[in-house]
Amino acid sequence: MDFYYLPGSAPCRAVQMTAAAVGVELNLKLTDLMKGEHMKPEFLKLNPQHCVPTLVDSGFALWESRAIMCYLVEKYGKQSNNDSLYPTDPQKRAIVNQRLYFDMGTLYQRFGDYYYPQIFEGAPANEANFAKIGEALAFLDTFLEGERFVAGGNGYSLADISLYATLTTFEVAGYDFSAYVNVLRWYKSMPELIPASDTNRSWAEAARPFFDKVKH
């Protein structure tokens, strides 16, 4: 299946790790947003929202990383690991979903609200937005109190994968989250558990030049 991606993108890396977790090989199609490759007519036919990541599986196109992650597990995941990655129990799955939406709508969103206007628009640092990142990390720290994984349970889930990709971007950006002891403990434990975490880390480095000029 074709995977349109940008290495520095945390959502793209989250899909990459999910594919590794379920044993799916991706046909990588680097999509350079800076060169406008996501606005080409052939890409717009696949994804009118012209964003990455975008997955095309035998003609079926899907975007939004967390939707792609769920799709990969539901279609290709083996029963032996499905119940950890994306549980079938309604309440356990609901917690995984909540954490995924927390990543999308709170943690990753607040990170972007602070950093991306500076990177892409040359805007000044917004200290109020910076403070909101800390609040989001405090929420995550609370989720992890007494837990090994962000959605609880005995194994990593899609929520761990998605949030781990996000926190890798935090690290590359130079954001110091060491004060959040549960987050730091969890973050340090993930590379040994999540498949292709080394690729996640190496791909994340592609974003470092963008963050080097941003106020922390």
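Me: A helix here is a DSSP run of H or I, at least four residues long, while a strand is a run of E, at least two long, both numbered from the N terminus. What kind of model holds these elements?

Reply: A predicted one, in which local features need pLDDT of at least 70 and side-chain atom pairs count only at pLDDT 80 or more, while totals for chains, interfaces and linings use all residues. Residues are numbered from 1 along each chain as its sequence is written, and side-chain values use heavy atoms, with hydrogens and water left out.

Me: Why are H5 and H7 called roughly parallel?

Reply: Look at the angle. H5 and helix H7 (residues 158-173) pack at about 15 degrees, with axes 8 Å apart. Under 35 degrees counts as roughly parallel, over 145 as roughly antiparallel, 65 to 115 as roughly perpendicular, and the rest as oblique. H5 and H7 are therefore roughly parallel.

Me: What makes the H5 and H7 crossing left-handed?

Reply: The turn. A crossing is left-handed if the near helix is turned anticlockwise from the far one by less than a right angle, and right-handed if clockwise. H5 crosses H7 in the left-handed sense.

Me: Which residues of H5 and H7 meet?

Reply: Contact means heavy atoms within 4.5 Å. In H5, the residues in contact include Val96, Leu100, Phe102, Tyr108 and Phe111. In H7, among them are Leu158, Leu163, Leu167 and Phe170. By class, this contact has 13 nonpolar, three polar and two charged residues. Nonpolar means Ala, Val, Leu, Ile, Met, Phe, Trp, Tyr, Cys or Pro; charged means Asp, Glu, Lys or Arg; the others, Gly among them, are polar.

Me: What makes H6 oblique to H7?

Reply: Helix H6 (residues 127-143) packs on H7 at an angle of about 140 degrees, with the axes 14 Å apart. That value is in neither the parallel, antiparallel nor perpendicular range, so H6 is oblique to H7. H6 passes H7 in a left-handed crossing. Ile133, Leu137 and Leu140 in H6 meet Leu163, Leu167 and Phe170 in H7. The class count for this contact is six nonpolar, no polar and no charged residues.

Me: How do you know that H1 and H9 are roughly antiparallel?

Reply: The axes of helix H1 (residues 10-22) and helix H9 (residues 197-204) cross at roughly 160 degrees and come within 9 Å. That angle is over 145, so H1 and H9 are roughly antiparallel. Their crossing is right-handed. Arg13, Gln16 and Met17 in H1 meet Ser197, Thr199, Asn200, Trp203 and Ala204 in H9. The residues of this contact divide into three nonpolar, four polar and one charged.

Me: Which residues lie nearest the centre of the largest pocket?

Reply: Ser9, Leu33, Val52, Tyr108 and Tyr116, out of 30 lining residues. A pocket is an open set of points on a 1 Å grid over the protein atoms alone, where a 1.4 Å probe fits, with protein on both sides within 12 Å along at least five of seven lines; lining residues have an atom within 4 Å of a point. H5 gives the most to this lining, with eight residues. By class, the lining has 18 nonpolar, eight polar and four charged residues.

Me: Which helices each supply at least two residues of the lining of the second largest pocket?

Reply: Helix H4 (79-85) and H5. The lining includes Asp83, Ser84, Lys92 and Val96, along with Gly152 and Gly153. The residues divide into three nonpolar, six polar and two charged.

Me: What is the omega of the cis peptide bond at Pro53, and where is Pro53?

Reply: Omega is about 5 degrees for the cis bond that joins Val52 and Pro53. Pro53 is in the loop between helix H2 (41-46) and strand S3 (54-57). His50 is found in the loop between H2 and S3. His50 has a positive phi of about 45 degrees, although it is not a glycine.

Definitions and conventions. Axes fitted to C-alpha atoms, helices over the stretch in contact; angles between N-to-C directions.
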